[in-house]
Amino acid sequence: MTDQPLSSAEAPKKRALPHINPVYFLLAALIAAILLQNPNFAEPTGYMNFLKRAAPLAILAAGQVYVLVSGGFDLSVGSLITLVVVGSSMLTNNDPSATLWVIPVMLCIGLAVGLINGLVVCFLKVPSLIATLGMMITLTGVSFMWSGGSPRGYLPDTFRFFGRVNIMDIPVIRMLPVALIVLIVVGFALYWLMHRTNFGRMVHAIGDNPQAARLGGVPVNRVRILAFVVSSLSAVVTGILLGGFAGVSTDVGNGYELQAITAAVLGGAQLLGGRGSVPAAIAGALSLQAIFTLLNFLGLPQPVRQVVQGLILIIAVALAMYRRKRTGR
Amino acid sequence: MSDPAMTTASKTGFRFEVWAPAILLLAALMIYVIIAVSTGQTQYLTASNLISILGRSIALGITAIGQTFAILVASIDLSVASLISATAVLASVIMNGDPAMILPAILAALALGGLVGLLNGLVIAKLEVNPLIATLGMSLIIQGCLSAVVSNFAGSVPVEFQLFAYGEIGGLPASLIFLLVLAIAAWVVLRFTKFGSDIYSVGGNKDAARFAGIQTDRVVVYAHIICSVLAAIAGLYLASRLRSGAPWIGSDGVYDLESIAVVVIGGTVLAGGRGGIWGTMAGMMIFSLIDSIFNVAGVDAFAKQVMRGVIIVAAVAFYAVRSKRMVA
């Protein structure tokens, strides 16, 4: 981390393979394995449905990268997803035209949650692990309160449009899920913000060394708060997509925070900050989904999925640490 | 980690960090008394009631003592909840109602705890995997293996072993005395042994500790073994209390996150190297008092959860807001 300029000076000598993030090889290998198991996957319906299912997690992981790179954690995203789904079903109240104002309201809730997370971390100096854990508990409680414990009804089709609908009759690919369009738009925006703007560089700087960043003139608090806001907003988008194909319940978002962190870590994001990439996190999310799909095809039950996810998590990070030590980066 | 200017300044006179858990505990106790008196429910103020309040969080207390060791070495353990379920099920299946099998069951549970702790510690210390990820992965692995084998209450605990949870010694619950003994033992280890001071040095500054000749890897591994063995004991306690083991009792009690919250509310710093057992004990009492306050005040179950989240953050902010360091 500290000898960044040194390694970048050496970079031109050997620009070949080592610079490609290993997550892309992992993803390619997994997709090859799925194709071997199930040739139908090469059909548009196969891979488009896969991308549609993976889109929510990919967006969530892309948002989580911001907080991870800034050196924190955001554990509140799962409960925020639940709140978005439950809250939307309460607010729309089966009225299709309500979608138009409910979605902005949800984005505002996301904004507020991100702001509070960031403010608590920056000004009350509560470690983000605890701050967002508290937020997670609180938001779960709010979802229960709002729905009276048992959410009922369903979301109107206008709301489910984003997560569920496929645009048909498109040449070559035949169908295009709206969720995929959302993923591409949001993913590109987050990529641009992280890797092509000053803000993105500042997020990296405060994650790598907050003291140095502050002395270098980075508005550390503002950047950190914004990172939390980005993560929360991505959780709202994820919630809107998930509302499309999952039903309304108080446990839709359960476990998503950990899956998002897993995906980001698979994509090479470094916990405690300073390193991470949005496209690689999206690839990590796709890999995770591919692993689950593969396990499904192999007919393995849910508990095995858990074990595999746990093993992958540990092995991915152990390998990343090993690589980093060996290459001295 | 610690700011030298701050520690020297605070050594003279009143040390806020040392007294903060006691202040919080006192505040919680006062609120409890005030609410009980103002709502006219003075029957909640008897000593036996206060003891029963504590009795409800024995498992959390045992787990939190272990978690204190992990957090003091600047690590963390998210695998305790699933380990609690696993050891509870393991013990209750081995016992299966037969008093003769109590000892083997206890040994098996402790061995499982030791093994998990050893693996956690080795992955964290030798492979340098972030402790959060390592123990989270371990948690998924344990839970997955467990739910693949059992899906409901399995086995049963003989009456003799239920004494662990329901027995009384001199009017006090045996489990409460056991918790107190554990806490004293942990305090002695941390305060008076070389291993204890090694834990603080490794948590405070790992590189400095290594240069000072401390085998940091070994300290981290031992801390994790202690943490996991204590979680195994908590599992045994829960098996005894519930009279059987089920694969969800750990995750239902949210022992992983709650034990961390208890430790942090007790003033132990997540970054490691500062804190202690009595803070954790105070944190446990604060936690159970909060629950009782809600019960006495008759707060709605969902509102209770909302306030719980806010209180955890507020309690941690109570210490943290004065620190000059940056947190992430």
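1. A helix here is a DSSP run of H or I with at least four residues, numbered from the N terminus. With that in hand, B:N96 is easy to place: this residue sits in the loop that joins α5 (80-95) to α6 of chain B. Please keep in mind throughout that the model is predicted. The phi angle of B:N96 is near 45°, a positive value in a residue other than glycine. B:N96 has 14 other C-beta atoms within 10 Å, and so it ranks as partly exposed, between the limits of 12 or fewer for exposed and 20 or more for buried.

2. Chain B offers another case of this kind at B:R243, where phi is near 70°, again a positive value in a residue other than glycine. B:R243 lies in the loop between α12 and α13 (249-252) of chain B. Its 18 C-beta neighbours inside 10 Å make B:R243 partly exposed.

3. You may like to look at how α6 (residues 102-125) and α12 (residues 216-242) of chain B pack. Two packed helices are described by the angle between their axes and the distance between the axes. For this pair, the axes come within 7 Å and cross at roughly 145°. The crossing of α6(B) with α12(B) is right-handed. Residues in the contact of these helices comprise 17 nonpolar, eight polar and one charged.

4. Helix α10 (residues 194-204) of chain B has B:D198, B:I199, B:V202 and B:G203 as its buried residues. They lie on the same side of α10(B), because the arc they cover around the axis is only 125°. An α-helix has 3.6 residues a turn, so residues three or four places apart point the same way. The partners of the buried residues of α10(B) are α4 (58-72), α9 (174-192), α11 (206-211) and α12 of chain B.

5. The largest nonpolar core counts 205 residues, and A:A58, A:A61 and A:A281 have the most contacts inside it. The element that gives the most to this core is α12(B), with 18 residues. Leaving out residues up to four places away in sequence, A:A61 touches A:A260, A:A263, A:A264, A:A281, A:I282, A:G284 and A:A285.

6. Finally, the two chains meet in a contact that takes 43 residues from chain A and 39 residues from chain B. On the chain A side, two or more residues each come from α5 (99-123), α6 (128-147), α12 (256-266) and α14 (302-327) of chain A. The largest share of that side is from α6(A), with 14 residues. By type, the chain A side divides into 29 nonpolar, 13 polar and one charged.

Notes
Residues are numbered from 1 along each chain as its sequence is written. Chains are lettered from A and ligands numbered from 1 in the order in which they are written. This is a predicted model: local features need pLDDT of at least 70, side-chain atom pairs count only at pLDDT 80 or more; totals for chains, interfaces and linings use all residues. Axes are lines fitted to C-alpha atoms, for helices over the stretch in contact, and angles run from 0 to 180 degrees between N-to-C directions. A crossing is left-handed if the near helix is turned anticlockwise from the far one by less than a right angle, and right-handed if clockwise. Ala, Val, Leu, Ile, Met, Phe, Trp, Tyr, Cys and Pro count as nonpolar, Asp, Glu, Lys and Arg as charged, and the others, Gly among them, as polar. A nonpolar core is a set of buried Ala, Val, Leu, Ile, Met, Phe, Trp, Tyr and Cys residues joined through C-beta atoms within 7 Å. Two residues are in contact if their C-beta atoms, placed from the backbone, lie within 7 Å. The arc is that of the directions from the helix axis to the C-beta atoms.
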